[in-house]
Amino acid sequence: MYTELFKLCGFEPEEIEKERPRIEKAFQKAGIGREDIERAEGRVKRYFDMTSLGVRKGLGIWLEQLIDLMLAREEGKKIVYPDFPTIPMITLALNLASEEVYCQTPEIVLDFVMGQIFGKLDPILEAAEAHGMPPASAMCALKQARLGGILKGIVPMPDLLLGTGFYCDLTPKVDDLLHEIYGVPMVIMDGCMDSGWDEFPEIRPRRVKALAGEIRRAIDESEKVLGIKITDEVLDKSLGDFVGLWTALYGLWDFLKRDPMPMSLVDLAPVWWFSTTTERRGITEGFGVIAALTDEIKKKVDAGVGVVEKGAPRVLIMCHQATDPNVMRMIEEAGLAIPTTALMGVTSAQATSYLETKYTTWEEKVANMLLCHGLYHSTSGLIHRYRELCKTWELDGVLNLYQFSCRAFCISPLLVKKSIEEDPGIPVLSLEGDMWDSRTYSAEALRTRVEAFAEMLRAAKTAKALK
Amino acid sequence: MEAMEKLSAYMKNRVAELSKLKSQGRKIIGYTPGGYMPEELVYACGAVPAGLLRGGEHEPVLYAGAYLPRWLDTFCRAQIGYKLLKDEALYQMIDLLVVPITDNNIRAIADSWDFYTDVEVFSFGVPHVKNDSAFKYYLEGINLLKEKLENFTGTKISEPKLREVIDLCNKERGLLKEISLMRKSQRPPISGRDFINLNHASFLLDKRTMIEVLESVLAELKKQTAPPPTGPRVLLTGSTLAYGDYKILGLIEETGASVVVEEFAEGMRHYWETVRGDGDQMKALADRYFARREPPAWFRPSRERLDFIIKLAKEFKVDGVIWYQTMYREAYDLESYYFPDMLKKETGLRMLKIESDYDAAEIGPFRTRVETFIETIRR
């Protein structure tokens with residue numbers, strides 16, 4: 001019953017045959033039945049470009065990641081759950097250090113597969129809502145997926161929770177809950193967002209050193225709990241692979257500057273999400289998918305094919321919707337091109353420039369790289385990032401569809417709006433949304449405002465052209 | 001009590017007094033009342049500290065909606081509301097705002113003041129774990145604060161002066177503790193409301209005046225015979241108990257129950273520990289304000305704080321716990337889920353959770369819930 005879905009997601013018949021026992025075991029555990037599979041087939045056809053082999057292969061990697069995650073315990077792995085925001089280089093290092101270790105951010109896998117592909121995330125969120133993360137309290141649905149997935153037994157209880165506390169306050173508290181109630185060992189990499197308002201892009205060395213110390217502590221603790229050794233060679237390889245992946249990804253992304261925009265952000269979501277949660281499969285197979293997508297995108301550029309009309313206004317959103325691709329499709333249907341997001345980088349050159357630093361140890365380089373982005377630096381750093389993106393990508397507006405249930409992000413929307421409308425002086429629509437949960441903020445709930453904004457941007461663009 | 005009347009008079013005059021001090025060139029240093037800003041440093045450079053702990057009113061929260069989304073903590077949103085509404089005189093006097101960054105809600109205060117007002121803001125981070133590197137980070141933070149205050153006021157902080165104000169602040173903490181501990185008695189000589197008033201006043205009044213008031217209160221309490229209790233003894237805990245946010249207190253009192261001890265992250269001065277020793281005074285401050293301070297809910301693991309609440313519940317022989325938090329303070333939401341089981345297991349006590357958005361319409365549902373809870377714990 002699932003053969004067609006796996007074929008759609010880029011599997012060859014012999015690959016499906018080989019994986020059949022694992023697929024069946026995992027689907028049974030997740031309660032995925034015929035109806036769910038039919039829904040998933042409909043969703044991937046509706047939301048993704050199924051003519052693209054790169055897109056199909058990317059979706060396939062996610063299906064495999066769900067299976068790997070669900071079967072990790074019975075396949076004898078030591079399980080580590082890094083949190084989101086992740087430090088992808090650590091995830092990668094743990095995966096590279098030992099074949100016995102399975103390190104992945106379960107909530108991202110659940111959001112992508114149970115959300116985007118199967119449209120079956122709600123019961124997982126509801127499980128968390130019944131256990132400490134109640135509705136109407138603006139609880140992050142990504143964290144609800146982490147907790148709910150474990151409580152429902154869809155994903156196994158981990159051997160180690162590897163959290164981050166340098167940006168989000170809820171992330172470590174959810175791990176704290178799992179630690180208190182179920183006794184799961186926990187390591188939280190702490191940090192304080194205490195940079196001064198006008199400091200960015202300068203980063204106080206004390207912040208870099210403190211975060212680097214926490215990263216080192218996490219590595220040491222992970223070695224102890226898991227009984228493995230993470231060598232310097234492994235660390236270097238993880239950083240090299242990560243930078244390589246991101247450079248390839250940015251190279252692909254640069255094509256979205258073309259007019260008409262050749263590919264939808266929805267279709268790039270599979271590669272974007274596995275580059276932030278660098279599980280073994282994502283990183284090894286990811287390069288191939290990016291290469292396939294790059295070939296396809298070049299052909300589209302040459303043929304002048306686009307997902308929106310040539311000359312369509314170009315807007316920035318905060319981040320890819322993780323569970324509901326329909327939101328980004330709706331924005332495109334309104335006639336807006338979304339070439340990038342606030343969480344993406346600026347250019348392919350920038351990915352490598354982060355490594356040109358005065359810091360020498362692995363953990364300092366990683367800490368510096370994280371803080372360079374702006375988001376984890378300060379609100380003013382984030383505003384700086386928005387400005388840089390608006391200018392570099394020659395955007396016509398910002399559709400700041402912000403994450404209402406994220407305290408860290410909630411500080412900025414009105415500050416971003418005022419700042420961007422002043423410099424570079426383009427319109428900003430601040431829209432409350434939820435990239436992790438579409439129950440309240442569905443595409444249809446947002447459509448009217450997005451359409452009105454698109455109309456305004458088109459009129460402004462026409463007026464500008466006539467001057 | 002005569003001393004409480006005196007306190008009330010001092011509080012009424014305080015804004016005028018601060019205004020006078022400001023006109024004489026003294027700097028008014030505002031700070032967020034989470035217990036991580038060593039006031040000693042402000043006093044030692046001749047400036048005047050003023051805790052920004054106003055809360056409980058809906059208008060500033062509504063007004064803040066133009067500057068911050070509603071999904072941030074109510075008390076923290078209210079702070080930019082108070083500043084920009086311009087009704088609260090104290091908020092207009094601040095020369096420098098010091099914000100120890102404890103979580104993203106508090107960061108919203110720093111960022112919104114930085115962005116929307118002309119008040120200079122100085123932030124330093126408070127780590128969320130207790131270990132050597134976290135201690136070092138906090139210590140570096142307060143050293144930066146010291147440097148900032150010295151530059152801002154033009155006064156170098158001398159060791160003898162710092163020692164003198166540490167002693168002064170220790171005295172205040174000691175008196176608050178002594179008064180608070182008297183509430184362990186089966187006949188508490190001071191009401192929860194009076195103690196909270198004293199505690200709130202300690203964020204605003206001149207330190208010597210406050211000590212004089214506390215000494216008078218203590219003397220009066222020692223003389224008087226307290227009436228027998230009329231209802232259950234309650235421990236009030238949560239995220240923030242702001243100056244003016246007395247809705248929950250009023251509802252508890254109306255049932256005849258009494259609040260005999262409080263534990264809050266913000267709005268209540270932490271008086272359990274004093275600054276120790278003669279050695280490095282900055283280290284001693286970090287030791288008191290960071291290492292030995294009972295942590296709020298955004299610390300992890302959460303055990304230290306929850307164990308402390310259980311200890312207070314036992315020592316003050318309470319009949320129930322009321323968890324009062326402001327909206328969207330997620331760390332408190334999470335802990336309030338598993339704490340009742342811990343509490344029940346350790347003490348057999350029950351807990352009621354109340355969340356406020358400083359909305360007048362809350363009072364009806366709150367009353368029903370508080371009355372029901374008090375009835376269930378009444379012996």
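**Exercises on a predicted model**

Strand β7 (residues 397-403) of chain A is mostly covered, with seven of its seven residues buried. The model is predicted.

**Exercise 1.** Work out which residues of β7(A) lie on each side, and whether the two faces are covered or open.

*Solution.*
- Step 1. In a regular strand, side chains alternate between the two faces of the sheet.
- Step 2. One side of β7(A) holds G397(A), L399(A), L401(A) and Q403(A).
- Step 3. V398(A), N400(A) and Y402(A) take the other side.
- Step 4. Every one of these residues is buried, so both faces are covered. The cut-off for buried is 20 or more other C-beta atoms within 10 Å.

**Exercise 2.** Find the strands that pair with β7(A), and give the sense of each pairing.

*Solution.*
- Step 1. Take β5 (residues 314-317) of chain A. Two bridges link β5(A) and β7(A) in the parallel sense. V315(A) has G397(A) as its bridge partner in β7(A).
- Step 2. Take β8 (residues 428-433) of chain A. β8(A) and β7(A) run parallel and are joined by six bridges. V428(A) in β8(A) stands opposite V398(A).

**Exercise 3.** Classify the packing of α7 (residues 122-129) and α8 (residues 141-151) of chain A, then describe the contact.

*Solution.*
- Step 1. The axes are 7 Å apart, at an angle of about 90°.
- Step 2. Angles of 65 to 115 degrees count as roughly perpendicular. α7(A) and α8(A) therefore fall in that class.
- Step 3. α7(A) contributes I124(A), L125(A), A127(A), A128(A) and E129(A). Residues from α8(A) include A141(A), Q144(A), L147(A) and L151(A).
- Step 4. By type, the contact residues are eight nonpolar, three polar and one charged.

Note on methods. Residues numbered from 1 in each chain as written. Chains lettered and ligands numbered in written order. Predicted model: local features only at pLDDT ≥ 70, side-chain atom pairs only at ≥ 80, totals over all residues. Buried ≥ 20, exposed ≤ 12 C-beta atoms within 10 Å, placed from the backbone. Helix = DSSP H or I, 4+ residues; strand = E, 2+ residues; numbered from the N terminus. Pairing = 2+ DSSP bridges. Axes fitted to C-alpha atoms, helices over the stretch in contact; angles between N-to-C directions. Parallel < 35°, antiparallel > 145°, perpendicular 65-115°, else oblique. Contact = placed C-beta atoms within 7 Å. Nonpolar A, V, L, I, M, F, W, Y, C, P; charged D, E, K, R; others polar.
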